[in-house]
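Work through the exercises below with the sequence and the structure open beside you. Try each task before reading its solution.

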Amino acid sequence: MQFKIKKLYLPVVQLHTIATTQRISAAARIKPLPKCHYQRPQKSVVGVRWISNQLDKNDPSLAWKSSGKTFNQGPDQILPSTAWYTWEKDGATRINYGDCEMGKVPPVSIPTFLKNYVERNSNRIAIAVKIDGSWKKWTCEKYYDEVITVAKAFLALGLEKHHSVCIISSNRPEWFLSNFGAIFGGGVSTGIYTTNNAQAVAHCASDSSANILVVENEVQLAKVKIIQNQIPQLKSIVLIEGTTGKPKGVMLSHDNLAWTAQSLTSSLLLHVRRDCPSPRPLSIVSYLPLSHVAAQAADIYVPLSIPDGMGVYFGDKDSLKDTLVDTLREIRPVFFLGVPRVYEKIYDRIIEVREKNSGLKKFIADVAKSRATRYNQGRINGEIDPWVPGFKLCDKIILNKLKEQIGFENVKFFMSGAAPLSPIIIEYFLSLNIPIAQLYGLSETTGPSTTQHLNFFKVGSIGKGIPGVNAYIINPTEQGAGELVIGGRCVMMGYIGLKESTTNSFRKGSDFLTGDIGSIDEKGFITLSGRQKELIITAGGENVAPVEIEDRVKSELAIVSNAVIIGEGQKFLSLLLTLKTQLNPKTNEPTEELTEFVQKWVSVNGNLEAKIVADILGPTAIDSQHELRKAIQRRVDKVNSNAISHAQLIRNWCILPGDFSSSGGEFGPSMKLIRTFVNEKYTKTIQDLYHTKNAVSPSDPKTS
């Protein structure tokens, strides 16, 4: 087999270089790679799955193929199936309509979903990207035309039915066009994180039977060149011109994507239009990695379910570093989805500015925040528009000014997803009249499956299932905690090529076992305490959920950026701490320099003048007798005073020499903490915690 790289110009304005739209030529700019031959193996070196020509007669998801019927009625036809799940890429599954009104929404394919949206909003802005200082915008009609063009190009490049187009790119119009182009062409869209290494790219591409790889730049292309021979069904590589534990492949149906977007819209987003004070069009900034299903749901599919449309404006590739606020100030969106790390950065910046304010300014701000807290508490308690003396004046003159500085003044719905948001962050933003709804969902549930809003809100909760979703607990303990199960039309078809993993993930045929531990109170609020995989089992056999303890630590210790509980197989719990440090303005990576707030806290509470983390980790600075260690220990003792069992007591702790980051490996692409990596990277530090009375982190952690 000969592999060819196709340098293909997608029909959009190219970032930084091209100022006009171009149509695709399937044969354009072909640059052949050296010839290579691939012997089809019994088993692929990266686990590619070969589909047998003979159907498994025992697999009901494939029964439609042997029915003798012809299915050529377009994308909206429903294949007959009695299977609730499948691991076959061409398998069909039943639609779980349920017995609620939202469950009765007619199924619709993604091509029809987009087509209906365009017919309603043909001349409205669909997407926009900033090029050379100005916004290039696509109307819905133009957007649709170019999706069709991309689909035709993918077919010409060799896209086969049920095979994938893998997209390795930051957020930009080409991501959306490639996503829809793959689906319209009868294939599958697969997003791959730009931070993945070459072997991770090979696994994702092979697992999804990739025919085409769309790469953003030469950096991503270099990865593909390394592993192209490991992707046996690869036919073309599309290079977007402009700037120069293995994962499981989750299969989501057209109905999964379209129905979940409609359900989320019916639950939440119509409040945005109802509450919006001006006739300005709805808009959202796309900046979270589109390889993550939550970003796809919010940026690609939810806009299609808004009756009068919602424009999607792309932040640049450095949005998560230092340019997001600039884009927000310019677009002034009415809807905002963030991950905890984004809200935490905003919080840290506000606190830092507050510390510089004079006594009078602080007093006025505190009065405004107290009014906003009382107002939002009233709304949480069921009041439509609580009367709080002075609130509306404070909100207009003081709090709204702060929102303008961030670009939040028009936002009517704030959401947080991907990981739990600390209660202290939620409560602080409530005091700014910024209520943040905690979303919960997984790739396996098509992103958001539960949420909350001010008429159904509880700090620390993930709310309840969106309309049509049945969320419940199984195998509860005496305290009511058990595994969360999600049922409804949001639940995936299955894991591609993984029969055992698929069958072990379902209950009652169609309900998904999330692996998350939680409880539901008498009002229906769902509260999570951690994942089953994250539970720490001590040497005494006690199960400890670390997230709740870590949140309490960060609540008590405002100088702490990250806290990680350690204790698997040990006699007691220990704690790893990182301090808040300044960020490099170019890379957004943490530096050694402590924030001004931390410097002041350490000086006041620890009688120590420290500018960088190393000043705190000196030979005598944090020994057992030092004031700083005593000050931190007092906060840890306060956390321990709320422990519900002896096993949850923190017996030892240490401060690490630097904060966590994606480049350091502690965070994944969606900013989730990777606990296994932390345990491996800081092996020596952890060992010291269990062999010394007052462990101090080494300057360079051991990487296993």
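**Exercises on a predicted model**

The model used here is a predicted one.

**Exercise 1.** Find the residue that follows helix α4, and describe its phi.

*Solution.* Go to the end of α4 and continue along the chain to Ser-209, whose phi is positive, near 55°.

**Exercise 2.** Decide whether helix α4 is largely enclosed by the rest of the structure or not, and say which elements its buried residues pack against.

*Solution.* Begin with the helix itself, which covers residues 198-207. A residue counts as buried when its relative accessible area is under 20%, and the residues of α4 that meet this cut-off are Ala-198, Val-201, Ala-202, His-203, Cys-204, Ala-205, Ser-206 and Asp-207. Because eight of the ten residues are buried, α4 is largely enclosed by the rest of the structure. Next, look for the partners of these buried residues, which are β5 (164-168), β7 (210-215) and α5 (218-227). Finally, inspect the N-terminal end of α4, where Asn-197 acts as a cap, with a side-chain oxygen 3.3 Å from the backbone nitrogen of Gln-199.

**Exercise 3.** Trace the open sheet that contains β3 and β4, and identify its edge strands.

*Solution.* Follow the four strands in the order β4-β3-β11-β10, and note that their pairing is mixed. The edges are β4 (134-139) and β10 (283-286), each of which pairs on one side only. On average, neighbouring strands of this sheet are turned by 25° against each other, direction ignored. Now turn to β3 (residues 125-131), which runs antiparallel to β4 and is joined to it by six bridges; Val-129, for example, has Lys-136 in β4 as its bridge partner. To complete the picture, add helix α2 (residues 140-156), which lies across β3 and β4 and runs at about 75° to β4.

**Exercise 4.** Is Ser-61 buried or exposed?

*Solution.* First locate Ser-61 in the loop between β2 (30-32) and α1 (110-120). Its relative accessibility is 0%, and therefore Ser-61 counts as buried. Leaving aside residues up to four places away in sequence, Ser-61 touches Ser-81, Ala-83, Tyr-85, Thr-86, Gly-91 and Ala-92.

**Exercise 5.** Which residues touch the most other members of the largest nonpolar core?

*Solution.* This core has 146 residues, and the two to pick out are Tyr-143 and Phe-336. Among the residues that Phe-336 touches, not counting those up to four places away in sequence, are Tyr-287, Leu-324, Phe-408 and Met-415. Apart from the largest core lies another, of 18 residues, whose members include Val-201, Ala-205, Val-215 and Ile-227.

Note on methods. Residues numbered from 1 in each chain as written. Predicted model: local features only at pLDDT ≥ 70, side-chain atom pairs only at ≥ 80, totals over all residues. Heavy atoms only, no water. Buried < 20%, exposed > 50% of the residue type's maximum accessible area, 1.4 Å probe, protein only. Helix = DSSP H or I, 4+ residues; strand = E, 2+ residues; numbered from the N terminus. Contact = heavy atoms within 4.5 Å. Polar contact = N/O pair within 3.5 Å; in protein donor to acceptor, adjacent residues only side chain to side chain. Pairing = 2+ DSSP bridges. Axes fitted to C-alpha atoms, helices over the stretch in contact; angles between N-to-C directions. Core = buried A, V, L, I, M, F, W, Y, C linked by side-chain atoms within 4.5 Å.
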